[in-house]
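Me: Please give me a close look at one part of this model, the aromatic side chains, and then work outwards from there. Keep it brisk, and state each cut-off once.

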Amino acid sequence: MSRTLRAGYCSCSPHVVSLPVLTAQLSTLEMDPSTSNPAPKQKRRSYEAAFKLKVVSRAEKSNNSIASREFGVDEKQVREWRKMKADLEKIPKAKKARRGLRTPYGALETELHKWVLECRQNGYCVTRMGIRLRALQMAKDDKLKAPGIENVVASAGWCTGFMNRYGLCLRQRTKISQKLPKDLDEKVMSFHSSS
């Protein structure tokens with residue numbers, strides 16, 4: 001069945017529709033901002049624990065919907081904060097989020113961090129692959145036994161997270177312009193006196 005529009009008849013509908021009514025309906029659809037222009041995506045925000053607790057207490061007094069409208073947050077966010085209420089009460093009120101969740105390999109990562117710093121101090125180059133291999137080797141060590149430590153994968157993503165958690169970055173020592181010449185003062189003086 002073709003969906004062409006003929007005067008007085010719409011082939012996509014069994015009903016007879018007048019052409020002016022159909023064009024009016026189409027123009028209102030095009031003009032309606034809710035259909036033609038979706039709302040721009042909101043920027044992600046983080047809220048302090050005190051604010052979250054205020055929203056949660058309001059939601060407990062009334063309901064999630066009213067609290068979300070009153071404080072200008074999404075209703076799903078209110079539901080999530082209500083689930084996390086006990087955790088929110090434990091953290092400092094000025095803290096914005098529960099970021100930096102603990103890794104299950106805390107002891108291993110602490111020892112690995114010490115190893116990386118020691119290697120760097122001795123002048124050895126530490127690579128991502130070296131970090132990953134050392135982590136696997138340390139996981140087999142009996143000294144660092146912890147639940148789940150035998151399941152360490154030491155993937156590239158884990159290595160990136162480890163380096164971010166401990167503020168490590170890979171960099172090479174530059175060889176250009178590291179030491180100033182011994183006769184720098186003389187050269188500067190001769191440069192200024194000649195001009």
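Reply:
**The aromatic cluster and its surroundings**

Tyr-47, Phe-51, Phe-71 and Trp-81 make up one aromatic cluster. The model is predicted, so local features need pLDDT of at least 70 and side-chain atom pairs count only at pLDDT 80 or more, while totals for chains, interfaces and linings use all residues. Numbering runs from 1 along each chain as its sequence is written, and side-chain values use heavy atoms, with hydrogens and water left out.

Start with the rings. The structure has six aromatic pairs (rings of Phe, Tyr and Trp, the last by its six-membered ring, with centres within 6.5 Å; planes under 30 degrees apart are stacked, over 60 edge-to-face, the rest tilted). Phe-51 and Phe-71 form one pair: their ring centres are 5.7 Å apart and their planes stand at 85°, so the geometry is edge-to-face. This pair joins distant parts of the chain, with Phe-51 in helix H3 (residues 49–61) and Phe-71 in helix H4 (residues 64–71), 20 residues apart. Helices and strands here are DSSP runs numbered from the N terminus (H or I, at least four residues, for a helix; E, at least two, for a strand).

How buried or exposed are the two rings' residues? Phe-51 is partly exposed at 23% relative accessibility. Phe-71 is partly exposed as well, with a relative accessible area of 23%. The classes are buried under 20%, exposed over 50% and partly exposed in between (1.4 Å probe, protein chains only).

Set against that a second pair, Phe-162 and Tyr-166. Their ring centres are 5.2 Å apart and their planes meet at 45°, so the pair is tilted. Phe-162 is buried, at 0% relative accessibility. Tyr-166 is partly exposed, at 28%.

Back to helices H3 and H4. A salt bridge also connects them: Arg-58 in helix H3 meets Glu-70 in helix H4 at 2.8 Å, N to O, with the two residues twelve apart in the chain. The rule asks for a side-chain nitrogen of Lys or Arg within 4 Å of a carboxyl oxygen of Asp or Glu. Side chains of opposite charge can pair when their charged atoms come close. Arg-58 is partly exposed at 26% relative accessibility. Glu-70 is partly exposed too, with 46% relative accessible area.

Helix H4 also holds Ser-68. Ser-68 is buried, at 8% relative accessible area. Beyond its neighbours within four places in sequence, Ser-68 touches Val-73, Asp-74, Glu-75 and Val-78 (a contact is heavy atoms within 4.5 Å).

Helix H3 has another long-range link. Glu-60 forms a salt bridge with Lys-85, the closest N and O atoms being 3.1 Å apart. Glu-60 lies in helix H3 and Lys-85 in helix H6 (residues 85–90), 25 residues apart. Glu-60 is partly exposed at 39% relative accessible area, and Lys-85 is partly exposed at 26%.

How many salt bridges does the structure hold? There are seven. Among them is a bridge within a single helix: Lys-114 and Glu-111, with closest N and O atoms 3.6 Å apart, both lie in helix H7 (residues 106–121), three residues apart, about one turn of the helix. Lys-114 is partly exposed at 48% relative accessibility. Glu-111 is partly exposed at 24%. Lys-76, Glu-80 and Lys-83 are linked in a salt-bridge network.

Now the surface. Met-129, Leu-133 and Leu-136 make a nonpolar patch of about 270 Å². Patch members have over 30% relative accessible area and no salt bridge; like charges are joined within 9 Å, nonpolar side chains (Val, Leu, Ile, Met, Phe, Trp, Tyr) within 5 Å. Leu-136 belongs to helix H8 (residues 128–139) and is partly exposed at 32% relative accessibility.

Last, the whole chain. It has ten helices and two strands, and along the sequence both strands come before the helices. Of its 195 residues, 21% count as buried. Among contacts between residues at least 6 apart in sequence, 53% join residues at least 24 apart. The accessible surface comes to about 15400 Å², with 55% of it on carbon and sulfur atoms (Shrake-Rupley, 1.4 Å probe; for residues, only the protein chains shown count as cover).
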